[in-house]
Every structure is written in C-alpha cells, then in structure tokens.
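Visitor: Hi, I have a structure open here and would like to talk it through. Could you walk me around?

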Amino acid sequence: MPNVTAETATGTVSFEAPAGKKLVLAIEDNGIDILHRCGGNTRCTTCRVEVLSDHIGERTDDEQAILSTKDGISDNTRLSCQIRLSENIHVRVINQASVAGIDPGTRPED
C-alpha cells in the first residue's frame, strides 16, 4: 500500500492507503478536512495539493484546463480528486475546511 505524507494546517500526517484510491478520499478518510466543493468533478480546484514528491504524475486534460484558469499555480500543483494512488506521495494540502470556515463539500465518488 502506498504511504501518503500530508502537510496540513495543523502539522504533518502520514498514513497508508490502498493503491488505486483517489488521493482526496485517502486524505479525508484519514481525518484531514480537505475541501472538495465540486464533489471531485474537476471543476472547482479546491482539492488542490502541492506535490512535494519527486514524481508528480501527469495532469489529466480536464485538470490542466481548469488549473490553467487560476493564478499562482505551480508545476507541482495537482487536483487530489484526479490522483489515483500508486506509489508513496508527499503533499501539502492547500485548502482545508477548518481554515476556510466552510463545509468541505460533497464527498467525491470513488
């Protein structure tokens, strides 16, 4: 199982998650209140993470299209709803419900 290290507003959390699981769900299932306002449909960018691992993977076409409309997006920025876990990954969670003071949104489908 891949190991996920997530830097959050309250510290760093590490956990294992099943291969093939969406990163956004793995993060949420391990107690991190990541935002996902569009329910994992590649529309809102609230579930974005900064990938700190060497391998960041390729963005999907939909992911690239929506991220290109936002300012301040680095090459390491990915949407966690579009990443299927296959290997160890280290990320910084950019948007959390507790920090934003809003509901995280509809849980994305697996």
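Guide: Happy to. One definition before we look around: a disulfide is counted when two cysteine sulfur atoms lie within 2.5 Å. Please also keep in mind that this is a predicted model.

Visitor: OK, so which cysteine sulfur is closest to that of Cys-81, and how far away is it?

Guide: The closest one belongs to Cys-47, at 3.7 Å, which is too far for a bond.

Visitor: How many disulfides does that rule give, then?

Guide: The count is zero.

Visitor: And are those two cysteines buried or exposed?

Guide: Cys-47 is buried, with a relative accessible area of 4%. Cys-81 is buried as well, and its relative accessible area is 4%.

Visitor: Let's switch to the sheet. What is the strand order?

Guide: Five strands make an open sheet in the order 2-1-5-3-4, with mixed pairing. Strand 2 (11–16) and strand 4 (77–79) are at the edges with a single partner strand each, so one side of each has no neighbour in the sheet. On average, neighbouring strands are turned by 35° against each other, direction ignored.

Visitor: Which pairs are parallel and which antiparallel?

Guide: Going along that order, strand 1 (residues 3–8) pairs with strand 2 in the antiparallel sense over six bridges. Strand 1 and strand 5 are parallel, with four bridges. Strand 3 and strand 5 are antiparallel, with three bridges. Strand 3 (residues 48–51) also runs antiparallel to strand 4, again with three bridges.

Visitor: What connects strand 1 to strand 2?

Guide: A hairpin does, through two residues. The bridge partner of Thr-8 in strand 2 is Gly-11.

Visitor: Where do the side chains of strand 5 point?

Guide: They alternate. Ile-89, Val-91 and Val-93 point to one face and are buried, whereas His-90 and Arg-92 point to the other face and are not buried. That fits the general pattern: in a regular strand, side chains alternate between the two faces of the sheet.

Visitor: What stands opposite Ile-89 in the pairing with strand 1?

Guide: Val-4 stands opposite Ile-89.

Visitor: And the core? Which residues have the most contacts inside it?

Guide: The largest nonpolar core has 23 residues, and those with the most contacts inside it are Leu-23, Ile-27, Val-49, Ile-89 and Val-91. Two or more residues come from each of strand 1, helix 1 (23–29), strand 3, helix 2 (61–67) and strand 5 (89–93). Helix 1 gives the largest share, five residues.

Visitor: Val-49 caught my eye. Which bridge partners does it have?

Guide: In strand 4 the bridge partner of Val-49 is Arg-78, and in strand 5 it is Val-93. Leaving aside neighbours within four places in sequence, the contacts of Val-49 include Leu-23, Ile-27, Ile-34, Ser-80, Ile-83 and Val-91.

Visitor: Where does Ser-80 lie?

Guide: Ser-80 is in the loop between strand 4 and strand 5. This serine is buried, with a relative accessible area of 0%. Not counting residues up to four places away in sequence, Ser-80 touches Lys-22, Leu-23, Val-24, Ile-34, Cys-47 and Val-49.

Visitor: Now the charges. How many salt bridges are there?

Guide: The count comes to seven. Lys-21, Glu-28, Asp-29 and Arg-107 are linked in a network. Within it, Lys-21 pairs with Asp-29, with the closest N and O atoms 2.7 Å apart. Glu-28 pairs with Arg-107, where the closest N and O atoms are 2.6 Å apart. That second pair links distant parts of the chain: Glu-28 is in helix 1 and Arg-107 in the segment after helix 3 (97–100), 79 residues apart.

Visitor: How accessible are Glu-28 and Arg-107?

Guide: Glu-28 is partly exposed, with a relative accessible area of 21%. Arg-107 is partly exposed too, at 40%.

Visitor: What about the salt bridge between Arg-37 and Asp-103?

Guide: Their side chains meet at 3.9 Å, N to O. Arg-37 sits in the loop between helix 1 and strand 3 and Asp-103 in the segment after helix 3, so the pair ties together parts 66 residues apart in sequence. Arg-37 is partly exposed at 40% relative accessible area, while Asp-103 is exposed at 52%.

Note on methods. Residues numbered from 1 in each chain as written. Predicted model: local features only at pLDDT ≥ 70, side-chain atom pairs only at ≥ 80, totals over all residues. Heavy atoms only, no water. Pairing = 2+ DSSP bridges. Axes fitted to C-alpha atoms, helices over the stretch in contact; angles between N-to-C directions. Core = buried A, V, L, I, M, F, W, Y, C linked by side-chain atoms within 4.5 Å. Buried < 20%, exposed > 50% of the residue type's maximum accessible area, 1.4 Å probe, protein only. Contact = heavy atoms within 4.5 Å. Salt bridge = Lys/Arg side-chain N within 4 Å of Asp/Glu carboxyl O.
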